[in-house]
Amino acid sequence: MAQKELSFLRKAMKQYHIDWYLIPTDDYHLSEYVGDYFKAREWISGFSGSAGVLVAGLEEAVLFTDGRYFVQAEKELKDSGITLMRSGMEGVPTLEEYLADKIQDGKTFAFDGRVVSALQAKGIEEAFNQAGKNVTTKDVDLITDIWEDRPTRSCQKAFLLEEKYAGESRKSKLIRLREQMEKKKAKGHVIGSLDDIAWLYDIRGGDVECSPLVLSYAYITMEEAFLFIQKDAVTKEVSEELARDGISIENYDAIYDFLKTRKEESVLLYEGNVNTRILKSLSSKVKKINALNPTTELKAIKNPTEIANLKKCHIKDGVALTRFMYKIKTSFEQNKDAGNKKEIEQITEAKAAKYLDGLRLQTEGCVDLSFPTIAAFGSNGAMMHYSAKEEESARLEPGSFFLVDSGGQYYEGTTDVTRTMALGEISPEKKKHFTAVVRGMLNLMGARFLEGCKGVNLDILAREPMWEMDIDYRCGTGHGVGYFLNVHEGPNAIRWRSRPDLSDCELKAGMITTDEPGIYLTDEYGIRIENELLCVEGTKNEYGQFLQFETITFAPIDLDGIDPSFMNQKEKESLNEYHRQVYEKISPFLSEEERQWLKRYTRPIK
């Protein structure tokens, strides 16, 4: 399949005299997850992961992706004529290094400037300059002409989030944003990231799968506020309410011409999440202030209303997940009769995911999933973002792990939780690995740290049990989570090393961050345990303000996978206390049979 689409691309490249063409995963807003209209990289390459960059030359092509997708990409790129570049691995160049090395002096390199960030475009240009190469760079859309059956661009109806959920008015948010603009001496501010716009204007929609976002741009001055949105997405009621708060509606595609006319002497933007065509649309006379959008940190710190709502939705979400675990685990209990064995043989990854999705979507206030459910049995669990296809879905069998990563979008917030279940009897080695992951999760959950710490200061707490065995996981330990927004949302994160392309902020009270260490053994199994943590203030004394985490995710951790002999007393007490809270918060909503099961699976370990 990919070879045919790749040939279409190369034909267009020759027509436009282009030697190399870059296709990222992004939409016009550099979103992590994109609508079908924007999945050009997947259409050309056949690789369906949510992160990756395709670089096509007239004779060769490569695809860069990170450690979450190595196994998946290797399978999906087979016989495509596209070489996998394992980003971050020893000996593998960065995208910029690869382009600077491969593209010869005098050649032409191109991309659609609407789907490449200003930051990335600058980095590529600098790499060419450092290599001493004169490469012509063009902003050209080659995809529209060659993708004949391209899906239409989403234009779902937008709606406004009530203040009882948002906890703050649009007017208040605009005041706070303008205060930050004034500190940065910015007269104008352009925002391209959909989550920032959704938070600022309290607007939600359905233009991105599993994220309640609206395709839009925003431009704010000290006196005016604009929303660029597809007109068919806005009802009269929405338009009138936004107008009452001083927000003008403009046509979505008019943003580029609009920016060309602006007279503000200085404009704030973050080159990491505005596309390069946005940047180039601003006059050369305008001073560009490149800094993280103030809204990014403002929305990361949840207000009291949001925190109260989040705690409510996590209980509801935990009930759905606990019922799911009860169903799966009871199907694999020992000494079942023949009828139940037959039932076990019919459970596949896809069927299990569909069952969990149904439980969650039936929950009051649940609008959507927060991402497509990852239900991965055995070796499929080693693919961090595995997606079970109905026709290829593995059957669940005794003797290995079943990893399920899932979440929901509620008016009261966004959830993200992973549980790995041991099916039947598992080996001592598997139990050792499972216990190490649980230990890492508990250690980070119990962290106490001084204000000013970043995620890089805490990551070792989660990763150490794996490093003790000379094992690592090729991803961060935790990411920020939005409020009825993106399931992955910065600037807060927990990872073991800083990266120049990712924000690295101090952890602050009110931030929500996941805690999800893991072990992923290719062709064997994957283990991940994930909770969401709320950062809260602890003791304040002569040493400063201490912070700590409050767990807001509640679902049992499979005791069948744990070998207590590998745990110290503090870790055992931490798990027991967590399970005490799980039973206390979840059991009132269960049937008697489910409650008895939960009591057994939250019993204290010694």
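**Helix pairs, buried residues and salt bridges**

Helices α8 and α9 lie oblique to each other, and in this predicted model their relationship is a useful place to begin. Two packed helices are described by the angle between their axes and the distance between the axes. For helix α8, which covers residues 170–183, and helix α9, which covers residues 194–201, the angle is about 120 degrees and the axes are 7 Å apart. From α8 the contact draws on Arg170, Lys173, Leu174, Arg176 and Leu177, while α9 brings Trp199, Leu200 and Tyr201 to it. Sorted by class, the residues of this contact are 5 nonpolar and 3 charged, with no polar ones.

A second pair of helices offers another arrangement. Helix α19 (residues 569–586) and helix α20 (residues 592–601) pack at an angle of about 170 degrees, and their axes are 9 Å apart. Because angles over 145 degrees count as roughly antiparallel, α19 is described as roughly antiparallel to α20. On the α19 side the residues that meet the partner helix are His579, Val582, Tyr583 and Ile586, and on the α20 side they are Arg595, Leu598, Lys599 and Tyr601. In this contact 5 residues are nonpolar, 1 is polar and 2 are charged.

Helix α19 also holds a salt bridge, in which the side chains of Glu577 and Arg580 meet at 2.8 Å, N to O. Glu577 and Arg580 are separated by about one helical turn, because they stand 3 residues apart in the helix. An α-helix has 3.6 residues a turn, so residues three or four places apart point the same way. Both partners are partly exposed, since the relative accessibility is 34% for Glu577 and 43% for Arg580. Elsewhere, salt bridges that share partners join Asp112, Arg114, Asp139, Asp141 and Arg277 into one network. One of its links is the salt bridge between the side chains of Arg114 and Asp112, at 3.0 Å from N to O, and both of these residues are buried.

The bridge between Glu468 and Arg439, at 3.8 Å from N to O, connects distant parts of the chain: Glu468 belongs to the loop between α18 (455–467) and β22 (478–479), whereas Arg439 belongs to helix α17 (residues 428–445), and the two are 29 residues apart. Arg439 has a relative accessible area of 14% and is therefore buried. Counted over the structure, the salt bridges come to 36.

Turning to buried positions within helices, helix α16 (residues 349–361) has 13 residues and spans 18 Å from its first C-alpha to its last, close to the 18 Å expected at 1.5 Å a residue. Its buried residues are Glu349, Ala350, Ala352, Ala353, Leu356, Asp357, Leu359 and Arg360. Among the elements that cover them are α14 (304–331) and the strands β15 (366–369), β16 (374–377) and β17 (400–406). In helix α4 (residues 95–102), Leu95, Tyr98, Leu99 and Ala100 are buried, and their cover includes strands β1 (20–23), β2 (53–57) and β3 (61–65) together with helix α5 (118–130).

Strand β17, part of the cover of α16, contains Ser400. Ser400 has a relative accessibility of 10% and so counts as buried. Beyond its neighbours within four places in sequence, Ser400 is in contact with several residues, including Phe377, Met421, Ile426, Lys430 and Tyr525. Along the chain Ser400 and Lys430 are 30 residues apart, yet their C-alpha atoms are separated by 8.1 Å.

Finally, some loops have backbone details that deserve attention. In the loop between β22 and β23 (493–494) one finds Pro491, which is joined to Gly490 by a cis peptide bond with omega of about 10 degrees. Asp79, in the loop between α3 (70–76) and β4, has a phi near 65 degrees, which is a positive value in a residue other than glycine. Asp79 counts as exposed because its relative accessibility is 62%. Lys185, in the loop between α8 and β8 (188–191), also has a positive phi, near 60 degrees, and it too is a residue other than glycine. With a relative accessible area of 67%, Lys185 is exposed.

Terms used
Residues are numbered from 1 along each chain as its sequence is written. This is a predicted model: local features need pLDDT of at least 70, side-chain atom pairs count only at pLDDT 80 or more; totals for chains, interfaces and linings use all residues. Side-chain values use heavy atoms; hydrogens and water are left out. Axes are lines fitted to C-alpha atoms, for helices over the stretch in contact, and angles run from 0 to 180 degrees between N-to-C directions. Helices (H or I, at least four residues) and strands (E, at least two) are DSSP runs, numbered from the N terminus. Angles under 35 degrees count as roughly parallel, over 145 as roughly antiparallel, 65 to 115 as roughly perpendicular and the rest as oblique. Contact means heavy atoms within 4.5 Å. Ala, Val, Leu, Ile, Met, Phe, Trp, Tyr, Cys and Pro count as nonpolar, Asp, Glu, Lys and Arg as charged, and the others, Gly among them, as polar. The expected span of a helix is 1.5 Å times one less than its number of residues. Buried means under 20% relative accessible area, exposed over 50%, partly exposed in between (1.4 Å probe, protein chains only). A salt bridge is a side-chain nitrogen of Lys or Arg within 4 Å of a carboxyl oxygen of Asp or Glu.
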